[in-house]
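Trainee: Could you take a close look at the aromatic pairs with me? I'd like one connected walk through them.

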Amino acid sequence: MASWLSSSRAAGADYAAVSTDESGSQDVELGSTGVQRGDSHDAAAPSACSETVQLEVLGMHCSACSTAVEASLRELPGVHSCSISLLLRKAMVRMDPKVVTQEELVDAIEDTGFEAHLMGVTDSRSLTLQLEDWPLPPAQQDVLRAALSGTFGVLQVTLQDADGTVEVQYDPNSTGPRDLIRALHDAGHAAHLEIQQWRGNKLVEAEVQQWRHLFTVAALLTVPVFLLTVVFSPIQHSVLGFPLTPLLKWAFTSPVQFWVAWRFHVGALKAVKRGKANMDVLVSLGTNASYMFSVISLLFERTHQAQFDGRHSEEFFETCAMLITFICLGKYLECAAKGRTSAAIAALMGLAPPTAVLLQLDDGGKVLSEEEIPTALVQRGDILKITPGARVPADGEVTAGHSYVDESMLTGEPAAVPKAPGNALMGGTLNAGGLLHMRTTRVGSDTALAHIVQLVESAQLAKAPIQSFADKVSAVFVPIVLGVAFMTWSCWCLAGMAGSYPDSWLPAGHTHLLFAVLFGISVGGVGRP
């Protein structure tokens, strides 16, 4: 068992008292505790006017999707503001927890047709502990809550009965994750810290692979359709009365239309159900119209061969196959570009070491023991050992030793900076010289490295003025294109019925209605950017 866990709870209390003296009387007032279970609130719990919640949103493909998610969230009462990042697949929502709940945010996004997962509240004073001996009887739950709420510096405790997690709000100047886990251990319960992993890079890599696979399959099936249409002469054979060339094109196009493009059809159906029109609607409507027109023309030729007089009907299997293939190529290139940004964020987060060496000192500053612990369990005021060649796990100041530290990840300056007792250290920098002891001052999301990552993510969430204008255009672009396509079909249909163009313009076996459909399909197809 870890030595920090088996150490006496009194040692943690002594540390809390020292931190309180340094931070002032205001931190003592923050030490009042409140307990919350489920939806019940303790009277002593501090009230918050608003909080910022992060959500992971999956299934967004274009700016119209992110605009739809943003609109659904803004319609909820209690939501002050929200921003959506299509690249990071993340939503940041500023909300009043007394008016709207986090579950209502998830429901609103899922009602829009996308998948949403809570990532937590963006507050450095809260953490989540996963109980390892869950479920517990009610009496043990009361003991657990009392153990946490009795820890100095704990502000609020929320026990989630569904999954056995405990959300704790605390004063980081008075306590930290190790003290909370120790308190649970002393009460006879085992728990570990739930760390929210950033999955953006893995999600982008999975999406890149998915679109690469879809494009490869679509291309392999579309190339024969293209060759049969443009390069090779029509095959003078028939099967069951159908000409062989269109029949082969039909066979190659069907998997592209109904397997490769299946996600477009599903996205279009979800958009129509919620009364919206996005780019999936254009793709699905245009390709389905081309495909169904070709099938109907082929069947009409089979049943009315006398009307064709040796000619063949018009079919556009290559149109829907090539359109879907090029869209998959565009999606693949788009995801590859996203991957480069995600890789940069992942590289920044990878600068922080996974573990740190915690030191226990006596009153004279002599090292009593040392232990390697996860960086996530480092607390303010800890004494850490930084060996040569190791990265600094948190922000702080040197207490002992002399060395040179490579701070190029922050400053870009290649020359190492000399460090002596009293000098500041930044998390993620590299110790290039001797042994150092440091006292942490900022940990977790308070470090300079974490702030850099947050700035990069904030830059992705923020919208440039031209992007806001593009979102407004995309909200009306699809309805306008569909309207123009319908008007094109109507004009050509009425013109044919009125005899405004000669019948010699009609392809073999076509009526004025079907001839007008060709122009409507063309407008809808080219309208997909």
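**Aromatic pairs**

Mentor: Sure, the count comes to 12 aromatic pairs, where rings of Phe, Tyr and Trp (its six-membered ring) pair if their centres lie within 6.5 Å, with planes under 30 degrees apart called stacked, over 60 edge-to-face and the rest tilted. Keep in mind that this is a predicted model, where local features need pLDDT of at least 70 and side-chain atom pairs count only at pLDDT 80 or more, while totals for chains, interfaces and linings use all residues. Residues are numbered from 1 along each chain as its sequence is written, and side-chain values use heavy atoms, leaving out hydrogens and water.

Take Phe-258 and Tyr-291: their ring centres are 5.0 Å apart and the planes sit at 90°, so this pair is edge-to-face. It links distant parts of the chain, with Phe-258 in helix α9 (residues 244–260) and Tyr-291 in helix α11 (residues 279–303), 33 residues apart; helices here are DSSP runs (H or I, at least four residues), numbered from the N terminus. Phe-258 is partly exposed at 41% relative accessibility, whereas Tyr-291, at 6%, is buried (buried means under 20% relative accessible area, exposed over 50%, partly exposed in between, with a 1.4 Å probe and protein chains only).

Helix α11 also holds Phe-293, which pairs with Phe-316 in the loop between α11 and α12 (317–349), 23 residues apart. Their ring centres are 5.8 Å apart with planes at 40°, so that pair is tilted. Phe-293 is buried at 6% relative accessibility, and Phe-316 is partly exposed at 23%.

Elsewhere, Trp-492, Tyr-501, Trp-505, Phe-515 and Phe-519 form one aromatic cluster.

Definitions and conventions
Helix = DSSP H or I, 4+ residues; strand = E, 2+ residues; numbered from the N terminus.
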